[in-house]
Amino acid sequence: MALPPPAQPPDITDESALVRGAAQGDRDAFAALVRRYQRQIFGLALRFLGNPDPARDAAQEIFVKAFVAIDRADPEREFGPWLMTIARNHLRDRLRRRRVRKGDLADTEPDELIARLPTRTPDIEASLGTRQETLALEQALQELPEHYREVVVLHHLQGRSVKEIAGIIGRPEGTVMTWLFRGRSKLKDLLEAAGVRP
Amino acid sequence: MTHLAGDLLQAVALGIDDPDATSHLAQCEHCEGELDTWRRLLAQLSGHPEPAINGEFTAEVMARIDDTLAGEEAWPLSTRVPLALGSGFVALVVIGALFGIEPAAFASFGADAARALAGAVKLQVLFTKLVSVLPSEASALVVLGQLTCLLLVGWTLHSLVRSQSAAAELEVEDARSVA
């Protein structure tokens, strides 16, 4: 079976103009960038936070942060990785604050944390549609440890290269590749344990 | 027959060429089936949809940006900078009081006091620059940093007071011994 082609990177020339425009205060240019990346950012937020309402709120906060810092974005480079770095830091902060508020989650391992997050299937179903395999895969993704889930989502669902992901999460490429390998293995195990054959 | 390891099958599914694995797969239905599973999983991942985002998301983002900018205007640089400077010097006075430094003591410090105060002024300039580049929500952080640095200035002044006092006591003792 042939693999489908990876997600195409956005047109960077056009994007450079948008980033330059936004840095000069062009609101329409920034709105165009929001439209271009909103699904990716919301998708990442949903997989970090597990619930559409906080994910939507966090995604909006991420874009506000990006707008405030837009003059620090390099128009000659792809906007996505820069935005994803802001998104990841923001989402990790939100998770950390949530752990501090809950008190008992401060030192939990990612596996435990994911296990304690609320069940998200009905919300996810509303957002993703009802195809059984899609839901099963989404549920399995939610059960992955946070660091595996992050790299799997960025690489396979959002089409980011290993090099880009290494830059976004601040880890060596070798680590990203290892986490991808282990993440996929765990994902396969989870699907099989749930009685779903990929 | 020994079957191929999961990592190797995953690597083959990702397109990594391994002649030994290829020859094994040609004669092992079990591993061929596992490889198919891996290929389906990778295809499923690549085709997995990003969740739909309903409503006026972009408009909501732009409205939040307007709110943020309005907040910046309500707390503009022309307010933040003098406030940061003022709070710094107030903190210096409070810290001076806490360390028991009398204002009159500054006069006896001479060049040391001038250096300490020059350092305090430099710190104020640094904080003013910080306040001008940070968003207003980071003001608390700036004030915290300011207090920390001013504590160091206070500690330095405190040390100066102690060394001045010790020197004065030595002079008194020398005078007594001479007498």
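**Exercise 1. Decide whether Cys31(B) is buried or exposed in this predicted model.**

Solution.
- Take the relative accessibility of Cys31(B): 1%.
- Apply the cut-off: buried means under 20%.
- Cys31(B) therefore counts as buried.
- Repeat the step for Cys28(B). Its relative accessibility is 4%, so Cys28(B) also counts as buried.

**Exercise 2. Find out how many disulfides the structure holds, and why Cys28(B) is not bonded to Cys31(B).**

Solution.
- Recall the bond: a disulfide covalently joins the sulfur atoms of two cysteines.
- Find the cysteine sulfur closest to that of Cys28(B). It belongs to Cys31(B), at 3.6 Å.
- Compare with the cut-off: the two sulfur atoms must lie within 2.5 Å.
- The sulfur of Cys31(B) is too far from that of Cys28(B) for a bond.
- Cys31(B) is in no disulfide.
- Over all chains, the count is zero.

**Exercise 3. Describe how helices H2(A) and H8(A) pack.**

Solution.
- Choose the descriptors: packed helices are described by the angle and the distance between their axes.
- Locate the helices. H2 of chain A covers residues 27-49, and H8 of chain A covers residues 146-157.
- Read the geometry: the angle is about 160°, and the axes are 11 Å apart.
- Classify the angle. Over 145 degrees counts as roughly antiparallel, so H2(A) and H8(A) are roughly antiparallel.
- Add the handedness: H2(A) and H8(A) cross in a right-handed way.
- List the contacts. From H2(A) come Leu44(A), Arg47(A) and Phe48(A); their partners in H8(A) include Glu146(A), Arg149(A) and Val153(A).
- Sort the contact residues of H2(A) and H8(A) by class: five are nonpolar, four are charged and none is polar.

Technical notes:
Residues are numbered from 1 along each chain as its sequence is written. Chains are lettered from A and ligands numbered from 1 in the order in which they are written. This is a predicted model: local features need pLDDT of at least 70, side-chain atom pairs count only at pLDDT 80 or more; totals for chains, interfaces and linings use all residues. Side-chain values use heavy atoms; hydrogens and water are left out. Buried means under 20% relative accessible area, exposed over 50%, partly exposed in between (1.4 Å probe, protein chains only). Axes are lines fitted to C-alpha atoms, for helices over the stretch in contact, and angles run from 0 to 180 degrees between N-to-C directions. Helices (H or I, at least four residues) and strands (E, at least two) are DSSP runs, numbered from the N terminus. Angles under 35 degrees count as roughly parallel, over 145 as roughly antiparallel, 65 to 115 as roughly perpendicular and the rest as oblique. A crossing is left-handed if the near helix is turned anticlockwise from the far one by less than a right angle, and right-handed if clockwise. Contact means heavy atoms within 4.5 Å. Ala, Val, Leu, Ile, Met, Phe, Trp, Tyr, Cys and Pro count as nonpolar, Asp, Glu, Lys and Arg as charged, and the others, Gly among them, as polar.
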